[in-house]
Amino acid sequence: MLRSASLRLAALYTAAFAAAVIVLGAVTLVTTRTTLSQQFDARIQSESAALVREFRTEGLTGVVQAVQERDSTPGALDYGLQGPDGRPIAGRLAQARASPGWSEQRISQFGHEKIRTYAASLAGGYRLLVGGDDESIEAVDNLLAERFSLAILGVVVIGLVGGYGLSRGMGRRIAAITGAAEAIIDGDLSRRVPAAPRGDDLGRLAATFNRMLDRIGALMESLRQVSSDIAHDMRTPLTRLRSRLEASLQGPPGPAQAAAIEAALGDLDAILETFAALLRIAQIESGARRAAFQTFDLCAVARTVVDAFAPSAEEAGQRLTLEDGEPVVVDGDRELLTQMLVNLVENGLRHAGGQAQVTVRCRVQQGRAVLSVTDDGPGVPDAERERLFDRFHRLEASRSTAGSGLGLALVAAVAKLHGAEASLRNADPGLEAAVAFPRRS
Amino acid sequence: MKLLLVEDDRETAAYLKRALTEAGHAVDQAHDGRDGLLLAVGETYDVVVLDRMLPQLDGLAILRTLRAASVKTPVLLLTALDGIDDRVEGLEAGGDDYLVKPFAFAELLARVNALARRPPPQDVQTTLRVADLEMNLLRRTVVRAGQKIDLQPREFQLLEYLMRHAGRVVTRTMLLEAVWDFHFDPKTNIVETHISRLRGKIDRGHPGSLIHTLRGAGYSLREPD
């Protein structure tokens, strides 16, 4: 129980609140007592003053009469009149050698504990005593103390009960999150934290937690997809490789065997290349390459690539040209962007067929750097176009041509790393692949 | 040449040692980082072939220690890590070349040969000469047998690289890296095409050809046989 953070917090708050109530009680008590004492004293003094006036106007008999009259009134103060020799003349109060001013005495004969008395001197040596017991003040004190104790008890009880309830509520919701996490650790990846009815901080935590799980799920799914793609696309060349080696082993040693082994090496290189491409794409997708960004002219990259590929295209009866103008400056990874453009150019040259004209354009459009490769080949059916960026996706018709099927996936990954938009559209005839970079800030 | 091979996988190491010995090199071996470092510091080698991931002491740590100790032996790094950052890191640590596993032996041999006998960097050459072919690096002109040859800038770069490695084998990947700065392998045979164009300008009309193709290995620029 004490390991519940919310309960501990509630207990702490309860203690603090109880302390506050105690301070409040003490202040109230002191203030009340002071005020009541002052009122009591004022009452005694005004009585004393009234009797002194009585003595001046009516003389001794007037005062004696007034004292006796008041003595018989219930609830009144106590009075006493002493002669010059100190003998009591009237009233119940008596005080030996009473000196003028305030004094307190304990008198048990009245059933009172403590009498607060004010003595006034009258002409002729007479003394007038007015007093009363401040029992009522003590009663108020006691009452206040008692009520405040009850209040503190109430605060503690409400605080603890409330804190317990609160911690139970919080505990249940935290337990739901913990439970979901435990279930996921145990392998149930589909588990999610139940959605909270209120959008409070715990609810937001649960929602964030669920989004994180969705992301992990998507990553796992893509990993699973890649593994099954690898299994699928690797099986064919691996099988071919295996049978080639097996056949060469059974045949007689000689040039045929050497040729078979050489072909097997070729197969193996293709497989390794596919692996390398997959690893490269995974590395790019992880976003780790952003550190290598630099500022450079995109058109210079386009020039290098066109310059490198134009002669080969020419030999195949194709034409590769560059349309560029002013330098187009981008922030990015030069090496990856070079590879991206090479993939797009090779793709264009490979699929557009003989006599094709492939054009690389490097320009600024609406403030964005755009790199595009357009061919005048047969193009791609609308339905197939977007899927081209998927890993291993190749048009059924092109299954027989060389290529790992990863070229455009790498293009998509490089574009994404740069925050750029890779798109394919029909160029009528042919296909235009374009990569539009974000505006430079 | 005398080589040091630091490779922890014994099968790979044995195969490489045999093949390098067959190619005419004397090979010392170390199977972990500590032995490799001791040998590299204690003996004099023409080239060190260094695996990046080694027991005891990491390949990069060895390389940094060697360079800090002013050992300037050319180092070829071998690695199973095919990241661009890994390559940059390797070269920054003082590596001279970088080869990703798995590789063809011909590639390794060509790179080892290219690293050795490399002219010292401070030796500034202004003219390269192979047989009757002469290249002036300042005026950027090429002359063969007294005839001036016009080359595109990229062809000039290609020829310069071949001439600097005259008599040795340069592979397709070495050319892709050095001339075009392509650190990946395009599917298209662009190197073949450029070499054949260059050959057309350099060798056509001359009795002996200078640019030789070595099947399965690469190219070599040398005096006619």
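Leaving aside residues up to four places away in sequence, B:Leu50 touches B:Val6, B:Gly36, B:Gly59, B:Ile62, B:Leu63, B:Val75, B:Leu76, B:Leu77 and B:Leu78, where contact requires that the C-beta atoms of two residues, placed from the backbone, lie within 7 Å. The model is a predicted one, in which local features need pLDDT of at least 70 and side-chain atom pairs count only at pLDDT 80 or more, while totals for chains, interfaces and linings use all residues. Residues are numbered from 1 along each chain as its sequence is written, and chains are lettered from A, with ligands numbered from 1, in the order in which they are written.

B:Leu50 is also among the residues with the most contacts inside the largest nonpolar core, which has 103 residues, and in this respect it is listed with A:Ala302, A:Leu341, A:Val345, A:Val414 and B:Val49. Such a core is a set of buried Ala, Val, Leu, Ile, Met, Phe, Trp, Tyr and Cys residues joined through C-beta atoms within 7 Å, and a residue is buried if 20 or more other C-beta atoms lie within 10 Å of its own, exposed if 12 or fewer, and partly exposed in between. Helix 5 of chain A gives the most to this core, with 10 residues. Because domain 1 (2–116) and domain 2 (127–221) of chain B both give residues to the core, it lies between them; the domain bounds come from an automatic or database domain assignment.

Within chain B, strand 1 (residues 2–6) is mostly covered, four of its five residues being buried; helices (H or I, at least four residues) and strands (E, at least two) are DSSP runs, numbered from the N terminus. Strand 1 of chain B pairs in the parallel sense with strand 2 (residues 26–30) of chain B over five bridges, pairing being assigned if DSSP finds at least two bridges between two strands, and B:Lys2 stands opposite B:Ala26 of strand 2. Strand 1 of chain B also runs parallel to strand 3 (residues 47–51) of chain B, to which four bridges join it, and there B:Leu4 has B:Val48 as its bridge partner.

Between the chains, 21 residues of chain A are in contact with 19 residues of chain B. On the side of chain A that touches chain B, helix 4 (255–285), helix 5 (298–315) and helix 6 (334–352) of chain A each supply at least two residues, and helix 5 of chain A gives the most, with seven residues.
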